[in-house]
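Reader: I am new to protein structures. Could you pick one part of this one and walk me through it closely? Short sentences would help.

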Amino acid sequence: CIKSYTIPGIFIYAFHMPLFFFCSGLFFKPKSIVQGFKKDVKSILIPYVFFASILIMTLLGIGAVYNKSLEVAVGQLNLNPLDSQCYPLYHTIWFLICMFFVKELLNIFSKITANYRIIGWGGYLAAIVLRECGIHLPFFIDTAFGMMFFYTVGYTFIYSKYSKERFNTYVLLLFLCLYLGLIGIVRPEVNTRDNVYPWYLCI
């Protein structure tokens, strides 16, 4: 397990979740709030419940064997959906429930403005304010505000001139080296799950 405070860990944690939401944003299509909600329940919430159920049953089975009692295993398992530290519901698949709310929030905000850059940066700033105020919304809704930034970057990228251009490989490698050098020098704290993501990494 690579810790998030090591240089390889910082790079991975600063990269893998933003990339996941960026790539998802490439395929976003604005829908009505009701239509989008119905589609996302089928494509995101149902798979989330399925995988969470498998994880819960697995943990109950392991706990029952270890404690030789299913009742004890059930008592030890935290299944509070309002607790963001609930292991079986959120620890490994938190990004699915977060993705659901990213899409719902985006469908709502896109009815107010069609400028997705404003929506993305507005979500990022809202996430920072919530974090600084110590406000943790249930079901990772506060994290969804922060991840909305990367999602909108993906959406705006696919419709921009840059998606059609070919980039010089050496220039991209130079940017990667500068990025890694920045991480090595600054060693920023990175935890997208808790909205800890410096603004200069967003750029």
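Author: Start with the whole chain. Of its 203 residues, 36% count as buried. This is a predicted model. The chain holds nine helices and zero strands. Read along the sequence, the pattern is α-α-α-α-α-α-α-α-α. The C-alpha trace spans about 60 × 45 × 35 Å along its principal axes.

Now take one helix, α7. Helix α7 runs over residues 141-158, which is 18 residues. From its first C-alpha to its last, α7 reaches 25 Å. The expected value, at 1.5 Å a residue, is 26 Å, so the two are close. Still, α7 has a bend. The bend is about 35°, and it sits at methionine 147.

How many residues of α7 are buried? The count is 13 of the 18. Therefore α7 is largely enclosed by the rest of the structure.

Next, look at a partner of α7. Helix α1 covers residues 7-25. Two packed helices are described by the angle between their axes and the distance between the axes. The axes of α1 and α7 come within 6 Å. They cross at roughly 40°. That angle makes α1 oblique to α7. The crossing of α1 past α7 is right-handed.

Now step past the end of α7. Serine 160 is found in the loop between α7 and α8, and α8 covers residues 169-186. Is serine 160 buried or exposed? Its relative accessibility is 14%, and buried means under 20%, so serine 160 counts as buried. The side chain of serine 160 also reaches back to the helix. The partner atom is the backbone oxygen of phenylalanine 157, at 2.7 Å. Phenylalanine 157 falls within the range of α7, residues 141-158.

Follow the chain further, to the loop after α8. Arginine 187 lies in the loop between α8 and α9, where α9 is residues 199-202. Asparagine 195 lies in the loop between α8 and α9 too. Check the backbone angle phi at each. For arginine 187, phi is near 50°, a positive value in a residue other than glycine. For asparagine 195, phi is near 60°, again positive in a residue other than glycine. Their surroundings can be read from accessibility. Arginine 187 has 48% relative accessibility, so it counts as partly exposed. Asparagine 195 has 6%, so it counts as buried.

Note on methods: Residues are numbered from 1 along each chain as its sequence is written. This is a predicted model: local features need pLDDT of at least 70, side-chain atom pairs count only at pLDDT 80 or more; totals for chains, interfaces and linings use all residues. Side-chain values use heavy atoms; hydrogens and water are left out. Helices (H or I, at least four residues) and strands (E, at least two) are DSSP runs, numbered from the N terminus. The bend at a residue is the angle between axes fitted to the seven residues ending there and the seven starting there. Buried means under 20% relative accessible area, exposed over 50%, partly exposed in between (1.4 Å probe, protein chains only). A polar contact is a pair of N or O atoms within 3.5 Å; within protein, one must be able to donate a hydrogen and the other to accept it, and residues adjacent in sequence count only if both atoms are side-chain atoms. Axes are lines fitted to C-alpha atoms, for helices over the stretch in contact, and angles run from 0 to 180 degrees between N-to-C directions. Angles under 35 degrees count as roughly parallel, over 145 as roughly antiparallel, 65 to 115 as roughly perpendicular and the rest as oblique. A crossing is left-handed if the near helix is turned anticlockwise from the far one by less than a right angle, and right-handed if clockwise.
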